Amino acid sequence: MTVTIQPTGICPADVLAVARGTAKVVLDPATLDAMATSRSIVDRIEAAGRPVYGVSTGFGALANTFVAPERRAELQHALIRSHAAGVGAPMPREVVRAMMLLRVRSLALGHSGVRPLVASALVDLLNHDVTPWVPEHGSLGASGDLAPLAHCALVLLGEGWVLGPDGQRLPAADVLRQAGLAPIELAAKEGLALINGTDGMLGMLLLAIDDAAHLFTMADVTAALAIEAMLGSDRPFLPELHAIRPHPGQGRSAANIHRLLQDSAVMDSHRDDVDHAVQDAYSMRCAPQVAGAARDTLDFVRTVAGRELLSVVDNPVVLPDGRVESTGNFHGAPLGFAADFLAIAAAEVGAIAERRVDRLLDVTRSRDLPAFLSPDAGVNSGLMIAQYTAAGIVAENRRLAAPASVDSLPTSGMQEDHVSMGWAAAKKLRTVLDNLTSLLAVELLAAVRGLQLRAPLTPSPAGRAAIAALGGIAGPPGPDVFLAPLMEAAREVVATPALRTAIEREIGTLD
């Protein structure tokens, strides 16, 4: 696949193809023209000697310091070196690649005043699989992701660090030489244009949107399996009950769960049982209300990310009429709010899943399943401690759901006196989603054990597919085994599309 950068921008699928795939990147000729036109305006300003922020002045609190023409290239290089001040573990390759592609997109919109050479150099890094080492700490999401983007830009200069294939830190100069790439020299405005913007937090948000979309569907799957194993009712998921509360995500989630519960001998076994519970517990009956609200939150976040993909987030910006104007478009508040909102929603999807796990394991509430889903409870503990793990993860997700975007620390001599913390919000969102994967894995494992223990009753097509996916690894219920490998295997089943694909072959596409 090839992703072509147009002067009108790119789409989320392009970002995923480059960040997580092997897509090559090319610059459309119209993009090169737009950047060249923008650059010519900067060149005219330089020739006229007018003081313009970032072109002929210092940065931040030094915005009123005039820089002589002969030192302006030096200014841009010094900016990159000083701002590459991050610390901590390296960000994942997919995040850095998304960030670089989005920076190319930003330059390609033709409002940054850089030469096409600069965007081409970033494209060369992507196409040669050269990934800068970007530390996790450094961005406040105020003038965008200054420190992370500076670590990327430093590699263009032949300085800084590159992420090696085994996670090691390598000198950028050596890696560029091996790839046949030469460092570039920056001209006026170009260093600032490489680091001012929301590309890091937007990249993480786009990756999180993709992950959340899959996980919210898998949450419907694991909820349906748990409800089936607990002899729950499918009546609360009838479409007419959700039409009278028309939240779109709720209706989609309920439709998924209802369809997943059909054609099940387990469900049929208690449909006419007068002793069966009149109403299931909230964690069962209200599954679509919680997961559906999360889906609606995700739709909002998609809208925010889509707008940001169309946005010029540099500062200052070069306008077609020749003006260079300062803006606040680099401020990450829209993305920080969205990331925090999605983290709250994802944390609750995991929390209600853990409550279903607890019910499945509790002999007083699981409707005749053995304690902790062990056929020989007492000597054996079954999945008791798997629920402990889930409870601990739920507690961590609740801490991570506390919003980062309400925090702010002034910087740069009070010039940058309100910051968004959007980088932190997006980074912790990814952790919440990773934790949600583990929580759904525990629910999947518990539900499969419960359905196995309902034999000889035949479960739904979804239940049979889940047993097939995990049964070869977990085996039938029996004496205790080393659980951690089973939980890792369940995580893989939740995170990848194989189980969902197998279910959809039987019952049709899930929303």
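Trainee: At what angle do H9 and helix H11 pack, and how far apart are their axes?

Mentor: Two packed helices are described by the angle between their axes and by the distance between those axes. In this predicted model, H9 and helix H11, residues 248–260, pack at an angle of about 45°, and their axes are 9 Å apart. That angle makes H9 oblique to H11.

Trainee: Which hand does the crossing of H9 and H11 have, right or left?

Mentor: H9 passes H11 in a right-handed crossing.

Trainee: Which residues of H9 and H11 meet?

Mentor: From H9 come Asp220, Val221, Ala223, Ala224 and Ile227, and they meet Ser253, Asn256, Ile257 and Leu260 of H11. Sorted by class, the residues of this contact are six nonpolar, two polar and one charged.

Trainee: Let us turn to the enclosed spaces. How many cavities of 30 Å³ or more does the structure hold?

Mentor: There are two cavities of 30 Å³ or more. The largest cavity has a volume of about 40 Å³, and the second largest has a volume of about 30 Å³.

Trainee: Which residues line the largest cavity?

Mentor: A lining can be read residue by residue, then by element, then by class. The residues that line the largest cavity are Ala219, Asp220, Ala223, Ala287, Ala291, Val349, Ile352 and Arg356. Two or more residues are given to this lining by each of helix H9 (199–229), helix H14 (287–309) and helix H15 (333–361). By class, the lining has six nonpolar residues, no polar residues and two charged ones. Please note that Asp220 and Ala223, which line this cavity, also belong to the H9 side of the contact with H11.

Trainee: What lines the second largest cavity, and which element gives the largest share?

Mentor: Its lining consists of Met100, Arg103, Leu122, Leu149, Cys152, Ala153 and Leu194. The elements giving two or more residues are helix H4 (93–108) and helix H6 (146–156). H6 provides the largest share, three residues. In terms of class, six residues of this lining are nonpolar, none is polar and one is charged.

Trainee: I should now like to consider the pockets. What volume does the largest pocket have, and which residues are closest to its centre?

Mentor: The largest pocket contains about 610 Å³ of space. It is lined by 33 residues, and those closest to its centre are Ser143, Leu146, Thr411, Ser412 and Glu416. Helix H3 (72–83), H6 and helix H8 (190–195) each supply at least two residues of the lining, with the largest share, three residues, coming from H3. The class count is 13 nonpolar, 18 polar and two charged residues.

Trainee: How should the second largest pocket be read: what is its volume, and which residues are closest to its centre?

Mentor: The same order of reading applies. The second largest pocket has a volume of about 410 Å³. Of its 19 lining residues, Arg20, Glu94, Asp211, Arg430 and Asp434 are the closest to the centre. Strand S3 (87–90), H9, helix H17 (422–453) and helix H19 (483–495) each give two or more residues to this lining.

Trainee: Which element gives the largest share of that lining, and how does the lining divide by class?

Mentor: H17 gives the largest share, with six residues. The lining of the second largest pocket has seven nonpolar, three polar and nine charged residues.

Methods. Residues are numbered from 1 along each chain as its sequence is written. This is a predicted model: local features need pLDDT of at least 70, side-chain atom pairs count only at pLDDT 80 or more; totals for chains, interfaces and linings use all residues. Side-chain values use heavy atoms; hydrogens and water are left out. On a 1 Å grid over the protein atoms alone, a cavity is a set of points where a 1.4 Å probe fits but cannot get out, and a pocket is an open set with protein on both sides within 12 Å along at least five of seven lines; lining residues have an atom within 4 Å of a point. Grid points are joined across faces, edges and corners, and a volume is the space filled by probe spheres set on the points. Helices (H or I, at least four residues) and strands (E, at least two) are DSSP runs, numbered from the N terminus. Ala, Val, Leu, Ile, Met, Phe, Trp, Tyr, Cys and Pro count as nonpolar, Asp, Glu, Lys and Arg as charged, and the others, Gly among them, as polar. Axes are lines fitted to C-alpha atoms, for helices over the stretch in contact, and angles run from 0 to 180 degrees between N-to-C directions. Angles under 35 degrees count as roughly parallel, over 145 as roughly antiparallel, 65 to 115 as roughly perpendicular and the rest as oblique. A crossing is left-handed if the near helix is turned anticlockwise from the far one by less than a right angle, and right-handed if clockwise. Contact means heavy atoms within 4.5 Å.
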